Amino acid sequence: MARRIGLITGAGSGIGRVSALALWEAGYSLALAGRREEALRETAAMAKVSDDRALVFPTDVTDRSAVAALFAAVKSRFGRLDLLFNNAGMNAPAIPLEDLAEDQWKRVIDVNLTGAFWCLQEAFRMMKAQEPQGGRIINNGSISAHVPRTHSVAYTASKHAMSGLTKSTALDGRAHHIACGQIDIGNARTEMSERMQNKLERTKGAAAVEPQIDARHVADAVVYMANLPVTVNVPFITVMANGMPYIGRG
C-alpha cells in the first residue's frame, strides 16, 4: 500500500503536534501548517522522520490565498491528500460578551470557522480530482460544540458552527468517497488547557480545577479515525476527562 498523506493545521503545538507524532508513527507522510515556522520545525524534529515524509509550510488559515498555496505545495510534494485534520483554533479573552470587541469576535470566527472552511474547500478539490478518488477530513470541534463555558461566546459560536460544517461536509462528500467527522475534545493536557486550569485555580480556587487527560489519548482517536477505510465514517467522537463537568453539567 502506498504511504498515506496527511495535512494538519495548527501543527506547531498542543493537539496538532501530538497528533502529528502519532500519525507519523502510524506510517503517514505529513504536511504541517501553522503560523509559526519555528514551532512547526520543532514538531518535525521531534518525529525524527526522513525529510521526504515531512513538509513544513507556515500558513495563516484566515488568508485564502495562503491556504491555496499550502494545498498546492502538498500536491506538488506528495501528489495527493488522504487526510486533512482541521485543527487550527484560537479563543478570545474570557470577558463578558457585551465587552467583546469586534476584532476579537472576528478573529476567532475567522480562524476557527472560516479558516477551517478554506482548508476543507481546498481538500475537497484535491480529493475529488485524485485517483483513487476520496479521502478523510477530521474537524476539531470541542466540548464547546455542545455546551459553553461562561464568557466564551465567540469560541462557543464557532464550535457550534463547526458541527454544522462537519455535517454538511459529510453529506456533500458522500458521493465522492470523502468521509468527514469531528472530534470533540474535553480537557486534554496542552499548553492552552494548562493556562485555563491555572486561571480557574487563581480566580475560583483549587476546587475549581478540572481533571485532564494525556493528549495522546486524543491523538490515538485521530489515528483511529484516519485509518478507517473511506467506506466507514465516525461522524462525531468525544474524548474527554471522565471527571470533567460535562455530562449532567457536573
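**Surface and backbone details in a predicted model**

In this predicted model, Leu 97, Trp 105 and Val 153 make a nonpolar surface patch of about 280 Å².

Me: Happy to start with the patch. What makes Trp 105 eligible for a patch, and where does Trp 105 lie?
Reply: Patch residues need over 30% relative accessible area. Trp 105 has 35%, so Trp 105 passes that cut-off. Trp 105 lies in helix α4, residues 102-129.

Me: Why is Trp 105 called partly exposed?
Reply: Partly exposed covers the range between the buried limit, under 20%, and the exposed limit, over 50%. The value for Trp 105 is 35%, so the label fits.

Me: Good. Now Lys 48: why is Lys 48 called exposed?
Reply: Exposed means over 50% relative accessible area. Lys 48 has 76%, so Lys 48 is exposed. Lys 48 sits in the loop between α2 (37-47) and β3 (54-58), and has a positive phi of about 55° although it is not a glycine.

Me: And which label does His 177 get, and why?
Reply: His 177 comes out at 45% relative accessibility. Since exposed requires over 50% and buried under 20%, His 177 counts as partly exposed. Its phi is positive too, about 65°, although His 177 is not a glycine. The loop that holds His 177 runs between α5 (153-173) and β6 (178-186).

Me: One last stop: what kind of peptide bond joins Glu 131 and Pro 132?
Reply: A cis one, with omega of about -5°. Pro 132 belongs to the loop between α4 and β5 (135-140).

Note on methods
Residues numbered from 1 in each chain as written. Predicted model: local features only at pLDDT ≥ 70, side-chain atom pairs only at ≥ 80, totals over all residues. Heavy atoms only, no water. Patch = residues over 30% accessible without salt bridge, like charges linked within 9 Å, V, L, I, M, F, W, Y side chains within 5 Å. Areas by Shrake-Rupley, 256 points an atom, 1.4 Å probe, with all protein chains shown as cover. Salt bridge = Lys/Arg side-chain N within 4 Å of Asp/Glu carboxyl O. Helix = DSSP H or I, 4+ residues; strand = E, 2+ residues; numbered from the N terminus. Buried < 20%, exposed > 50% of the residue type's maximum accessible area, 1.4 Å probe, protein only.
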